[in-house]
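Trainee: I have a new structure open on my screen and would like to talk it through with you. Shall we take it step by step?

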Amino acid sequence: MKGALPYLLGVLVLATSTGTVAQDWSFEGNARTQAVFSTQEKLPFWIYTNTNYERGELSSASVYSAAQVAFTKGPHRWEVGLSGFLRDGVTDAVARRDLYLSYSNPWLQVVAGAKKQADRYDGLSATNGNFLWSNNARPLPGLRIEAPEPLRLNRTFSLDWGIAHYQLNDDRYVDGTWVHYKRLGLITKFSEQHNVLLQAQHVVQWGGTSPFSGDRPDDLEAFFKVFFAREDPVIFLNGEPGDNALGNHMGSFLLSYQWKSQAGALTFYREHPFEDGSGTGFQNFPDGIWGLHFAFKEKNFLDAVVYEFITTTNQSGDTGISSNDNYFTNAEYRSGWSYEGNIIGLPFIVFDRNVEIDLVNRPVTLNSLRAHHLAAKGTTGGWEYSLRTSFVERLGRASSRLEVPLENWYNYGTVSRAIQGYGIVGVVLGADLGNTTSPILAGGLTYSYSF
């Protein structure tokens, strides 16, 4: 698989019609800045979380800028995008967010490079609607091939699919770790008002060079073992030989039901995570996300609202061969499901940057939790606002409970207004309360401009 990416980029060079079709060039750009004052060294949780690392927890100021050039010819679209940050309080003050080349038509989209995922549920979800892949970390560099929109099979059924190959190029325990990703979803449209989505997604950390076991398999045979989660002979950290699935596997099953009424669209979604056979067998029930999203048809003060209940307290129990799932961490890929010290999935799971990773210690320290998350957004009198509040009870790890659970209440709000010809100005506020920490209060100003 090494060196495969340059060859796969050839997918972007696709044949198009030689007839006379409409052609169009377009350019978009935008910039924004934010300055925040906090009563503590850290910022409130939601001011820096799910920002693609635009801000760190110690950032008091940040600048973001982006540019996108696109060429359209009939049903075909080529696009180049670049965006980046300048912020304080992090190791690398300057970093890219997006850097990509893409091609799309009505049935296929190919993205080479790093590109932010689209916002789901009006940007109100605690996980962006994905337990495994929120917008908490910077986009990973790689190659993604997928359906831009569900492919209609007939009047009732449509198919969604995607497959990707990424590399974790940060400083981590297994250097040069690769990521395999795929998803498959079936949408059933019962009527104009009712539809159901059933989706499975699968993520694997594999390859790379481990300081304990050396170079991990990364050839074509290894890829097929990773793709189908086949077992492979291994030497465990205790020195004993055995069999285990090659790589660190994670996944989720999603059930989503949407009902469209005259008032708007109501969506119920249930995402169930798994890390091994116990998870695919639902032995870790009720872990995962239980969510409701309502988007109002008439935008009158309240545009959309989301409520989510999230739990990771079961983790297949504490006995048996597949117990203690220990979400987002792994015995071999000990940096866990993280990128640059940021959890890639559910952001309520804690990554401790102060942990020195070795054969004993791992940085994913608190992954057993319960959370209630409520968020809303709307427009009134030319002002746009968004609010979110999250109560999180962290219990420790599945195999190591805290004597006293950590309780945190995260609150966040923004108010902004567009000034014609001059951009958008706004205010951001945050307040965190906890049973073991002092309150964190913060306020700041934002400004953005598009061209």
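Mentor: Happy to! Let us start with a term: strands are DSSP runs of E with at least two residues, numbered from the N terminus. Keep in mind that this is a predicted model.

Trainee: Where is the place of Glu-340?

Mentor: Look at the two strands around it. Strand 19 covers 338–339 and strand 20 covers 342–343. Glu-340 sits in the loop between strand 19 and strand 20.

Trainee: Which residues is Glu-340 in contact with, leaving aside its neighbours within four places in sequence?

Mentor: Contact here means heavy atoms within 4.5 Å. With those sequence neighbours set aside, the partners of Glu-340 are Tyr-53, Arg-138, Asp-170 and Arg-353.

Trainee: What is the length of the polar contact that joins the side chains of Glu-340 and Arg-138?

Mentor: A polar contact needs a pair of N or O atoms within 3.5 Å. For the side chains of Glu-340 and Arg-138, the value is 2.5 Å.

Trainee: Now the whole chain: how many helices and strands are there in the protein?

Mentor: Strand numbers 19 and 20 have already come up, on either side of Glu-340. The full count for the protein is 4 helices and 27 strands.

Trainee: Why is the protein said to be as compact as a globular protein of that length?

Mentor: The globule rule gives 22 Å for 451 residues. The protein is as compact as a globular protein of that length because its radius of gyration is close to that figure, at 22 Å.

Trainee: And what share of the 451 residues counts as buried?

Mentor: Buried means under 20% relative accessible area. By that cut-off, the buried share of the 451 residues is 48%.

Conventions: Residues are numbered from 1 along each chain as its sequence is written. This is a predicted model: local features need pLDDT of at least 70, side-chain atom pairs count only at pLDDT 80 or more; totals for chains, interfaces and linings use all residues. Side-chain values use heavy atoms; hydrogens and water are left out. The radius of gyration is taken over C-alpha atoms; the globule rule is 2.2 Å times the number of residues to the power 0.38. Buried means under 20% relative accessible area, exposed over 50%, partly exposed in between (1.4 Å probe, protein chains only). A polar contact is a pair of N or O atoms within 3.5 Å; within protein, one must be able to donate a hydrogen and the other to accept it, and residues adjacent in sequence count only if both atoms are side-chain atoms.
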